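Hi,

Here is the structure I promised to pass on. Have a look at it first, and then read my notes underneath.

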Amino acid sequence: YEGTTVLITGLIAAGDNPFTREFQPAAMYVYPPLYNLLVAPLTLWFDNTLQLHRQVSAVLIIASCLVCAGTVYHCGRSWRQSLAAAATLYAALLFYSTPVASSNALGVCLYLLILAIPWRYDFAAPSLALACGLGVLAFYAKQYFILSMAMLCLYLFLYVSVRRALLLGCAYALLLLASLALVHQSSPYYLDNTLFSPAVAMTRLQMPTVARTQFAAFFRLYWPLLLILGYWGVLRARETGWRQLLSGIADAYRPWRAGSGGKAYPANHFFWFCLVWASLVVFFSLGRNPGNYLSYLFQLMSPLLLIVCFGLLSVQDSKLRILAPLVLVCFYQVYALLPDDFSTTEENWARVEQLISEHEEILASQMLVATLLKYQREVEQDGHTFYFPLAENKPDYFAKPRSEARVAAVWKAYITAIYKKIEAGRYDLIMVTPWDGNGIFNNNPPAFSDMDGMTFLKNYYYLDETLALSMTERHGGGTYALRIWRPKPGP
């Protein structure tokens, strides 16, 4: 779906609004556009390509690692532990979806800043005001990164100041709702695209087994750090006794019973707290999504785990540092997880590019969106398109007043137009993978015919060739079969 990001950035750079009727549902976008707004001015000096977007993501990943390093350094003034935390986080953020042309890297950076700045300045009012502003930006980077604001408000409520927590929570809610009201006025399909459709999709895709599989993989990677944390618990128990240690842990998570006012917690207690809550949210919600393998865990949990562990190493005595060599094991594991073979078979990709350059009207897979844009071909569907009809499942209050502008009507007109073009043989080529074919044809038969979608296609087009498109061998990668359909010759 990287090409979708390039498409949306190009529309914004041209002065268009992708969340208006004109671009629905062919250019539907399920993510907020802050990242695209950030990159759009750069297209004045650089080409709007995958490379540009990936370079912006690279800068944001490095910024996230610096925030992590600075936080660890503030715990114990150890440059060695800070560098170790940053290097370990770098590997996590290079995995899967964060380094590509997407809003993930921007969201992670804002997520960390929202947590680190108030903690660094003892939750002073100016730092909370800044976090509130960054929290609004985080929502418009990618929706789930507002988790940081939820954790910050909850921590303030339990451990710092109920009054300050309520003020921050109310201010954030008002800012967010006011901004959404303004956005909805200028972008009538924004809520459909970024809230209602993803919510329905997430509900339908929930698979508890996926969460368990990802957590098992996460623990296999980070077990050396978890062992260090466990050993620290054993040392503390020897010093204070198991009963007192367990009582202290219970008090830390029951502050209203322990009388937490003025209570001195460890420097990184805030990040312990956030790690627990982020893990619960990922396990019971985000981690059940079969897409974005391990990304939610690496983005939301890894930074917190690293700050907790390396912050602890930077302040503890030599008894704990005996296990510090385990960090090297963790280094090996997180970097060994990254792909090291980026070789691809270029021949078929060159063939696809040649076909696109030689034909004008093409119905193509989302894998080819960036290539379509390169040759200034119209994009008929961008991969997010097939989430559009899910927005019909929303409260009636948000339905469009004009019936022809409502989701069901827009979708019916869009699908009908595709089948009418197929019937007339207007597409020079139809280039789809089985996944695209399922989304377009199997799930959306023509409303004006008794035939199913695939039968209708075969009635007017013939399968000319199948090209194996090679992508990086990784989770969600590999080789895809691209089927090339051409119009049947007339009588």
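Below is what turned up, going from the core to the strands and then to a few odd spots in the backbone.

One thing to keep in mind throughout: this is a predicted model.

Let's start with the core. The largest nonpolar core has 153 residues, and the members that touch the most others are Leu-152, Tyr-222, Ile-422, Ile-430 and Met-431. If you want to know which element gives the most to this core, look at helix 5, residues 104-120, with 11 residues. Ile-422 is a good place to zoom in: leaving out residues up to four places away in sequence, its partners are Tyr-427, Ile-430, Phe-441, Phe-456, Leu-457, Tyr-460 and Tyr-461.

Ile-430 also takes us to the strands, where it stands opposite Trp-485 of strand 4. Strand 2 (residues 429-432) and strand 4 (residues 479-487) run antiparallel and are joined by 3 bridges. Strand 4 pairs with strand 3 (residues 461-470) as well, again in the antiparallel sense, over 9 bridges. There you can find Leu-467 opposite Leu-482 of strand 4. While you are looking at these strands, remember that side chains in a regular strand alternate between the two faces of the sheet.

Next, a polar spot. Gln-333 sits in helix 17, residues 326-336, and its side chain makes a polar contact of 3.1 Å with the side chain of Trp-223. Not counting neighbours within four places in sequence, Gln-333 is in contact with Arg-220, Leu-221, Tyr-222, Trp-223 and Pro-224. Tyr-222 is one of the core residues I listed above.

Now for the backbone. Most residues other than glycine have a negative phi, and most peptide bonds are trans, so a few places here caught my eye.

- The peptide bond between Gln-24 and Pro-25 is cis, with omega about -10°. Pro-25 belongs to the loop between helix 1 (2-13) and helix 2 (34-39).
- Leu-294 is not a glycine, yet its phi is positive, about 65°. You will find Leu-294 in the loop between helix 13 (269-284) and helix 14 (295-300).
- Gln-376 has a positive phi too, near 55°, and lies in the loop between helix 19 (369-374) and helix 20 (407-424).

Is Leu-294 buried or exposed? Its relative accessible area is 2%, so Leu-294 counts as buried. Gln-376, on the other hand, is exposed, with a relative accessible area of 74%.

Happy browsing!

Technical notes:
Residues numbered from 1 in each chain as written. Predicted model: local features only at pLDDT ≥ 70, side-chain atom pairs only at ≥ 80, totals over all residues. Heavy atoms only, no water. Pairing = 2+ DSSP bridges. Helix = DSSP H or I, 4+ residues; strand = E, 2+ residues; numbered from the N terminus. Core = buried A, V, L, I, M, F, W, Y, C linked by side-chain atoms within 4.5 Å. Buried < 20%, exposed > 50% of the residue type's maximum accessible area, 1.4 Å probe, protein only. Contact = heavy atoms within 4.5 Å. Polar contact = N/O pair within 3.5 Å; in protein donor to acceptor, adjacent residues only side chain to side chain.
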